[in-house]
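Subject: A structure to look through

Dear colleague,

I am passing on a structure that I would like you to look through with some care. Please open it first, and then read the notes below alongside it.

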Amino acid sequence: MHQETAVLRHEFDPIDRELIESFKAGSSEAMERLVERYENRIFTFGLKMCGHRQDAEDIAQETFLSAFRHLDRFRQETPLKNWLFKIAARACFRKRRKKKGEPDREISIESLRHEDGNGGDYFIPDPDESPHDAVLRLELKTIIDNSIRSLPPKYRMVFNLRDMEGFSTEEAAQIMGISIQLVKTRLHRARLFLRDKITAAYREGGLQ
Amino acid sequence: MTDNCMKHFERISEYLDGELDPATCIEIERHMAECPQCENCVESLKRTVALCRKMGGEKLAPDEATRIREKLRECLFREHKAG
């Protein structure tokens with residue numbers, strides 16, 4: 001449908017606008033408030049991408065530092081949140097390159113399709129009936145986290161931006177600098193991959 | 001998996017995200033009504049996304065938040081001082 005990278009127009013958040021202006025005028029309180037508004041989401045994104053809290057902390061620091069250094073040049077054509085995630089996505093990429101681990105790879109649609117030919121025997125717990133017991137909840141969370149973590153990085157990033165952070169397809173494409181079609185393709189494969197991973201974890205003795 | 005199943009299989013996520021035109025949605029829904037495997041496939045994918053959203057959240061701990069802000073203040077202050 002759309003091969004080109006998205007061009008988006010957004011309403012700019014008035015609180016962000018005010019805080020940015022105050023920061024430019026020298027308010028350290030405005031800086032604190034901007035960090036407070038986005039730190040949890042950026043940290044969560046970093047943690048989902050890298051899997052370690054220390055790495056997520058580094059990514060959050062790097063993101064905010066870079067943002068405040070360049071805020072005077074930020075033209076407010078995209079929401080601040082999207083701009084921060086774009087910086088964070090680059091920070092995650094640099095972190096992975098620096099650690100020289102986890103090579104990226106493709107997920108073939110064929111590897112996901114054959115599972116659907118066996119009668120659709122999936123075991124995905126009902127999200128509305130997730131366990132009340134703290135131990136079982138923790139086990140379930142570990143299964144989910146490990147499954148997301150096992151996605152190849154470029155698929156993990158699309159999944160985290162779209163399904164965990166709630167960005168639209170167009171926004172995710174803009175943040176990652178890829179086409180809308182590529183976001184759709186990667187998201188679909190990531191979801192199928194996760195469904196199979198979660199099902200496998202249950203079959204191998206996860207929660208019942 | 002029939003050819004018809006294959007055709008719809010690659011568009012399930014777009015269907016769930018409301019990114020398809022109405023005619024294609026109706027086509028997929030008609031197919032699902034006749035194909036329990038594909039219906040199950042769509043349902044399981046919908047559950048997967050909902051479950052990840054519900055269980056995958058994280059929370060920044062207070063000491064982590066403090067460290068992020070302290071380092072940030074320190075770096076920006078140092079840079080400001082250096083001009």
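In this model, which is predicted, the centres of domain 1 of chain A and domain 2 of chain A, taken over C-alpha atoms, are separated by 25 Å. To find these two parts in the sequence, look for domain 1 at residues 14-99 and for domain 2 at residues 109-203 of chain A.

The two domains touch each other, with ten residues of domain 1 of chain A in contact with 13 residues of domain 2 of chain A. On the side of domain 1 of chain A that touches domain 2 of chain A, helix H2 (28-50) and helix H4 (80-99) of chain A each supply at least two residues, and the largest share, five residues, comes from H4(A). If you sort the residues of that side of domain 1 of chain A by class, you will find four nonpolar, two polar and four charged residues.

The next thing to look at is the contact between the chains, which takes 42 residues from chain A and 34 residues from chain B. On the side of chain A that touches chain B, the elements that give two or more residues are H2, helix H3 (53-70), helix H5 (109-113), helix H6 (134-149), helix H7 (153-164) and helix H9 (180-203) of chain A, and H9(A) provides the largest share, eight residues. By class, this side of chain A has 20 nonpolar, nine polar and 13 charged residues.

Within this topic, one pair of helices deserves a careful look: the axes of H6(A) and helix H4 (residues 36-55) of chain B come within 10 Å and cross at roughly 110 degrees. Because angles of 65 to 115 degrees count as roughly perpendicular, H6(A) is roughly perpendicular to H4(B), and the crossing of the two helices is left-handed. Which residues make the contact of H6(A) with H4(B)? From H6(A) they are Leu140(A), Lys141(A), Ile144(A) and Ile148(A), while H4(B) brings Leu51(B), Cys52(B) and Met55(B). The residues of this contact divide into six nonpolar, no polar and one charged.

Finally, please return to H9(A), which has 24 residues and reaches 35 Å from its first C-alpha to its last, close to the 34 Å expected at 1.5 Å a residue. Just after H9(A) comes Gly205(A), which takes a positive phi of about 110 degrees.

With best wishes

How values were computed. Residues numbered from 1 in each chain as written. Chains lettered and ligands numbered in written order. Predicted model: local features only at pLDDT ≥ 70, side-chain atom pairs only at ≥ 80, totals over all residues. Domains from an automatic or database assignment. Contact = placed C-beta atoms within 7 Å. Helix = DSSP H or I, 4+ residues; strand = E, 2+ residues; numbered from the N terminus. Nonpolar A, V, L, I, M, F, W, Y, C, P; charged D, E, K, R; others polar. Axes fitted to C-alpha atoms, helices over the stretch in contact; angles between N-to-C directions. Parallel < 35°, antiparallel > 145°, perpendicular 65-115°, else oblique. Left-handed = near helix turned anticlockwise from the far one by under 90°. Expected span 1.5 Å × (residues − 1).
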